[in-house]
There are 2 protein chains.
Amino acid sequence: MAQRDRRHDVSEAAWRVIVREGLDRTSMRAIAHELGCTTGVVTHYFRDKQDLILFALHQVTQALLQGMQSAQQQPLGCDRLVAVLLTFLPLDAERQNILQVWVAFLGYAIGRPELMAEHQRSAGELRALIMEELQALQAAQHLRADIDPAVEANTLLALVNGIGLDSLIQAQCLSPVQQQQVVQRYVDGLRHSA
Amino acid sequence: MAQRDRRHDVSEAAWRVIVREGLDRTSMRAIAHELGCTTGVVTHYFRDKQDLILFALHQVTQALLQGMQSAQQQPLGCDRLVAVLLTFLPLDAERQNILQVWVAFLGYAIGRPELMAEHQRSAGELRALIMEELQALQAAQHLRADIDPAVEANTLLALVNGIGLDSLIQAQCLSPVQQQQVVQRYVDGLRHSA
DNA sequence: TCAACTACATAACACCTGTTGTGAGGTAAA
DNA sequence: TTTACCTCACAACAGGTGTTATGTAGTTGA
């Protein structure tokens with residue numbers, strides 16, 4: 001219990017250093033300094049640096065999945081689908097941090113198949129969740145019958161990922177309200193036109 | 001002249017190392033080894049490592065812009081807009097490489113404001129180009145009058161970026177044909193429904 | 001009380017990094 | 001030939017890196 005919390009502390013300190021200094025400057029010593037202790041703590045709770053990195057990355061994907069599942073609490077409907085999709089958008093500071101760490105890890109995974117595989121796993125889970133949502137909506141006749149849930153799940157995931165990315169790098173990006181409107185409008189396009 | 005070509009050689013070697021080994025393992029020595037020479041060459045043509053990194057990143061954005069402008073050769077129309085957008089998608093090996101290097105640099109830019117500013121500049125250029133395309137199409141009455149070119153430019157950029165990203169990390173991503181269809185369909189949605 | 005264990009500090013290790021300086025060979029102009 | 005310059009090799013440097021071993025309080029349990 002205490003061990004799990006301490007690992008979580010180290011992971012959160014790593015997040016802060018990543019966002020502030022960049023992933024390649026996130027050394028064991030920098031994390032320890034951020035946490036206000038020595039490297040002894042870090043090495044005590046993580047075997048490797050890779051162990052730590054993988055744990056921190058896992059925490060990112062868990063945070064995303066958790067946000068999605070909490071959005072799934074409301075009753076089935078197109079609004080719920082939109083709510084699920086909105087959890088990916090950097091609409092507040094916390095989700096912005098998550099996105100930054102996620103992007104840092106994604107760039108770090110280029111040329112590292114084992115890390116990219118971790119990204120693949122999490123992205124696959126997200127895709128599956130969205131696709132199930134689409135299939136349920138289609139079965140309940142909330143969506144057009146001629147749309148392909150697999151294609152639309154990928155498209156929606158791409159859309160929200162892309163919007164998040166642009167808001168990260170671009171100055172003249174969409175405002176939070178516009179981001180929501182764009183997603184809402186795309187989902188509306190999947191509904192019965194009648 | 002020869003100097004410019006040599007700098008280009010070094011930059012291309014850096015690209016290869018980045019895609020194969022990851023950006024943080026792309027050291028001066030690794031680049032030199034990839035190029036088949038010693039670090040003397042690298043240090044002779046680049047003052048710093050940062051100098052090299054910035055040049056390589058600039059080459060990436062230049063490659064993207066160049067692809068876009070060559071797509072703009074054809075006459076104005078919705079097909080041209082789609083062609084411009086398709087230059088971002090990783091539809092062949094070269095564009096896939098560009099995307100990988102771009103993502104690596106983007107992750108590297110987290111926590112590095114000066115590098116993120118470079119991304120902002122290039123993304124701003126791309127956005128402006130797409131927006132001008134949209135405005136021209138709207139003026140020629142090829143697109144609906146009620147759409148906002150600024151919003152749609154951002155959305156389209158987000159869409160193609162997101163699709164590229166997903167095809168990079170996800171196993172069950174959209175096929176190249178599906179990627180094109182999704183973009184085509186979205187652009188069709190901007191046309192007059194009449 | 002004694003033993004075992006957890007949680008951390010500290011220090012040392014070998015390794016790799018970017019950077020710099022020196023020098024050699026080749027070429028081209030004076 | 002001499003001079004200057006471009007291109008590159010090579011060696012050395014200080015500093016940072018992950019990792020490991022050792023030590024030391026504090027706690028827990030018998």
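Which helix of chain A holds A:Ala128? Keep that one in mind while you get your bearings; the tour comes back to it. One thing before you start clicking: this is a predicted model.

**Stop 1: chain A as a whole**

Select chain A and show it as a cartoon. You'll find 9 helices and 0 strands, so to speak an α-α-α-α-α-α-α-α-α run when you follow the elements from the N terminus. Turn the chain around a little: along its principal axes, the C-alpha atoms occupy a box of roughly 65 × 35 × 30 Å. If you colour by burial, 40% of the 194 residues in chain A come up as buried. And if you draw the contacts between residues at least 6 apart in sequence, 58% of them link residues at least 24 apart.

**Stop 2: A:Ala128**

Now for the opening question. Select A:Ala128, and you land in helix H7 of chain A. This alanine counts as partly exposed, because 13 other C-beta atoms lie within 10 Å. Add A:Ile53 to the selection and put a distance between the two C-alpha atoms: the viewer should give 25 Å, for residues 75 apart along the chain.

**Stop 3: a loop residue with a positive phi**

Stay in chain A and move along to A:Gln141. This residue sits in the loop between helix H7 (113-139) and helix H8 (149-169). Have a look at the backbone here: phi of A:Gln141 is near 60°, a positive value in a residue other than glycine. Is A:Gln141 buried or exposed? It is exposed, with 9 other C-beta atoms within 10 Å.

Then jump to the other chain and select B:Gln141. It lies in the loop between H7 and H8 of chain B, and its phi is again positive, near 60°, in a residue that isn't glycine. B:Gln141 has 9 C-beta neighbours inside 10 Å and therefore counts as exposed.

**Stop 4: both chains together**

Show chains A and B side by side. What does it take to lay chain B on chain A? A turn of 180° with a shift of 0.0 Å along the axis does it, and the RMSD is 0.0 Å. The two copies are thus related as by a two-fold rotation axis.

Next, select the residues where the chains touch. Chain B puts in 43 residues and chain A puts in 42. On the chain B side, the helices that each supply at least two residues are H1 (2-21), H6, H7 (113-139), H8 (149-169) and H9 (176-189). H8(B) gives the largest share of that side, with 12 residues. Colour the chain B side by class and you get 22 nonpolar, 15 polar and 6 charged residues. Of the interface residues of chain B, 98% are also interface residues in chain A, so the copies meet through the same surface.

**Stop 5: H6 against H6**

Hide everything except residues 93-109 in both chains, which is helix H6 in each. The axes of H6(A) and H6(B) come within 7 Å and cross at roughly 135°. That angle makes H6(A) oblique to H6(B), and the crossing is left-handed. Turn on side chains for the residues that make the contact: from H6(A), pick A:Val103, A:Ala104, A:Leu106, A:Gly107 and A:Tyr108. From H6(B), pick B:Val103, B:Ala104, B:Phe105, B:Leu106, B:Gly107 and B:Tyr108. By class, that contact has 9 nonpolar, 2 polar and no charged residues.

**Stop 6: H5 against H9 inside chain B**

Now select helix H5 (residues 78-86) of chain B along with H9(B). Their axes are 10 Å apart, and the helices pack at an angle of about 140°. H5(B) and H9(B) are therefore oblique to each other, and H5(B) passes H9(B) in a right-handed crossing. For the side chains, show B:Cys78, B:Leu81, B:Val82, B:Leu85 and B:Leu86 in H5(B), which meet B:Gln180, B:Val183, B:Gln184 and B:Val187 in H9(B). This contact has 7 nonpolar, 2 polar and no charged residues.

**Stop 7: B:Asp51**

Last stop: select B:Asp51, in helix H4 (residues 49-71) of chain B. B:Asp51 counts as exposed, because it has 12 C-beta neighbours inside 10 Å. Finish with one more distance, from B:Asp51 to B:Asp166. These two are 115 residues apart in sequence and 30 Å apart in space, C-alpha to C-alpha.

Technical notes:
Residues numbered from 1 in each chain as written. Chains lettered and ligands numbered in written order. Predicted model: local features only at pLDDT ≥ 70, side-chain atom pairs only at ≥ 80, totals over all residues. Helix = DSSP H or I, 4+ residues; strand = E, 2+ residues; numbered from the N terminus. Buried ≥ 20, exposed ≤ 12 C-beta atoms within 10 Å, placed from the backbone. Contact = placed C-beta atoms within 7 Å. Least-squares fit on C-alpha atoms with pLDDT ≥ 70 in both. Axes fitted to C-alpha atoms, helices over the stretch in contact; angles between N-to-C directions. Parallel < 35°, antiparallel > 145°, perpendicular 65-115°, else oblique. Left-handed = near helix turned anticlockwise from the far one by under 90°. Nonpolar A, V, L, I, M, F, W, Y, C, P; charged D, E, K, R; others polar.
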